[in-house]
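Q: Please take a close look at one part of this protein with me. I'm new to this, so go slowly and explain any special words along the way.

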Amino acid sequence: TPGVMLPADEEDKGPLGKKVEAPTSYCPSVLFPITRQRGRSLLGLAEAGETPFVGVDIWNAYETSWLGLTGLPTRRTLEMRVPATSTNIVESKSLKLYLNSLNFHRFTSNEDAVATIAADLAPVLGGDTPPTVTLYPWADAPLLGPEWECIDEEDLGEADLLVPDGSGDIVEDESHLRLVLGAEAAVSERLCTHLLRTLCPVTGQPDWGSVLIEYTGRPIDRAGLLRYIISLRSEVGFHENAVERIFLAIQGACAPDALLVNGRFMRRGGIDIN
């Protein structure tokens, strides 16, 4: 909801918004959990019960480094996959601080480092399925897969896309989502837009990202889809919650036979979240 910020008390936001010195030694205690239910309750999803979707959060940390037994630094791209069934997400600044705390820690091998990171994250995230941690050579970070059709150049006419409500906020408008009139045959499409902007619920600062939408079903009106994404510019929520919001809106308005929504947000502190 525009203008609705999550509680900003000190115990809720962990290190975010505070001046915190970077740890100089191994410090797993800096990892800070945020319950997923904080965002999902705004979508009307019950705390106990199954969600109407399945998913995974994919974090890529490009500034991951530690020491070997000889003291030789290792630099890798670290991919962390967290199932959407986890109880919590990990606050991104606390993850950055944790990874920084590894910079001068010695591991017997890369496998030892990966096992340690996964073991440290599991109790913070909660849930029955632990995170999956994978290393990549730094120069070969995971890239976007098959080619997608970008909808950012769709003709949206001359109407003002950012009509505020009485409070001055831009309002999410699901009414933009519609099927192509008269098109009955099912299609399979991969669509993307790089115009997603939402607001961090703790700092109120903008988060930018791309949305990749893969679906099978009656064709979705591309201009309407882009209008909907643009209408989220003042929405408040964590990255994970924004993607779940878009999924539920498309599912409800267009009822595709199959739907995958992937949000790829610009990195903060060398970490991106997908």
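A: Let's begin with pairing: two strands pair if DSSP finds at least two bridges between them. Helices (H or I, at least four residues) and strands (E, at least two) are DSSP runs themselves, numbered from the N terminus. What you see is a predicted model, in which local features need pLDDT of at least 70 and side-chain atom pairs count only at pLDDT 80 or more, while totals for chains, interfaces and linings use all residues. Residues are numbered from 1 along each chain as its sequence is written, and side-chain values use heavy atoms, with hydrogens and water left out.

First, a quick look at the whole thing. The protein has 6 helices and 10 strands. It runs to 274 residues, and 48% of them count as buried (under 20% relative accessible area with a 1.4 Å probe, protein chains only; exposed is over 50%, and partly exposed is in between). Now take the contacts (heavy atoms within 4.5 Å) between residues with a separation of 6 or more: 77% of them join residues 24 or more positions apart.

Now for our part, a sheet with two helices on it. The sheet is open and has 4 strands in the order E6-E7-E8-E9, with mixed pairing. Strand E6 (149–150) and strand E9 (258–265) sit at the edges with a single partner strand each, so one side of each has no neighbour in the sheet.

Let's walk across the sheet, starting at E6. This strand is joined to E7 by 2 bridges, and the two run parallel. Here you can find a cysteine facing a cysteine: Cys150 stands opposite Cys192 in E7.

Next comes E7 (residues 187–199) beside E8 (residues 206–217). These two strands pair in the antiparallel sense, and 11 bridges link them. You can trace the pairing with two examples. Glu189 has Tyr215 in E8 as its bridge partner, and Thr198 stands opposite Asp207, also in E8. Follow the numbers in those two examples and you'll see the antiparallel sense for yourself: from Glu189 you step up the chain to Thr198, while the partners step down from Tyr215 to Asp207.

The last step takes us from E8 to E9. Their pairing is antiparallel again, over 8 bridges. One of the spots to look for is Ser210, which stands opposite Arg264 in E9.

Stay on E9 for a moment, as it shows a neat pattern. In a regular strand the side chains alternate between the two faces of the sheet. Along E9, Leu259, Val261, Gly263 and Phe265 point to one face and are buried. Ala258, Leu260, Asn262 and Arg264 point to the other face and are not buried. So Arg264, the residue we just met opposite Ser210, belongs to the set that isn't buried.

Time to add the helices. H5 packs on the sheet and touches E6, E7 and E8; its direction makes about 25° with that of E7 (axes are lines fitted to C-alpha atoms, for helices over the stretch in contact, and angles run from 0 to 180 degrees between N-to-C directions). H5 is mostly covered, with 9 of its 9 residues buried. Those buried residues include Arg222 and Arg227, along with Ala223, Gly224 and Leu226. The buried residues pack against E6, E7, E8 and the other helix, H6.

H6 lies across E7, E8 and E9, and runs at about 150° to E9. The axes of H5 (residues 222–230) and H6 (residues 239–254) come within 12 Å and cross at roughly 145°. If you zoom in where the helices meet, you'll find Leu225, Tyr228 and Ile229 on the H5 side. On the H6 side they meet Arg245, Ile246, Ala249 and Ile250.

One last stop, between H6 and E9. Ala255 has its place in the loop that joins them. Most residues other than glycine have a negative phi, and most peptide bonds are trans. The phi of Ala255, though, is near 45°, a positive value in a residue other than glycine. Ala255 counts as exposed because its relative accessible area is 56%.

To put the picture back together: the strands run E6-E7-E8-E9, H5 touches E6, E7 and E8, and H6 lies across E7, E8 and E9.
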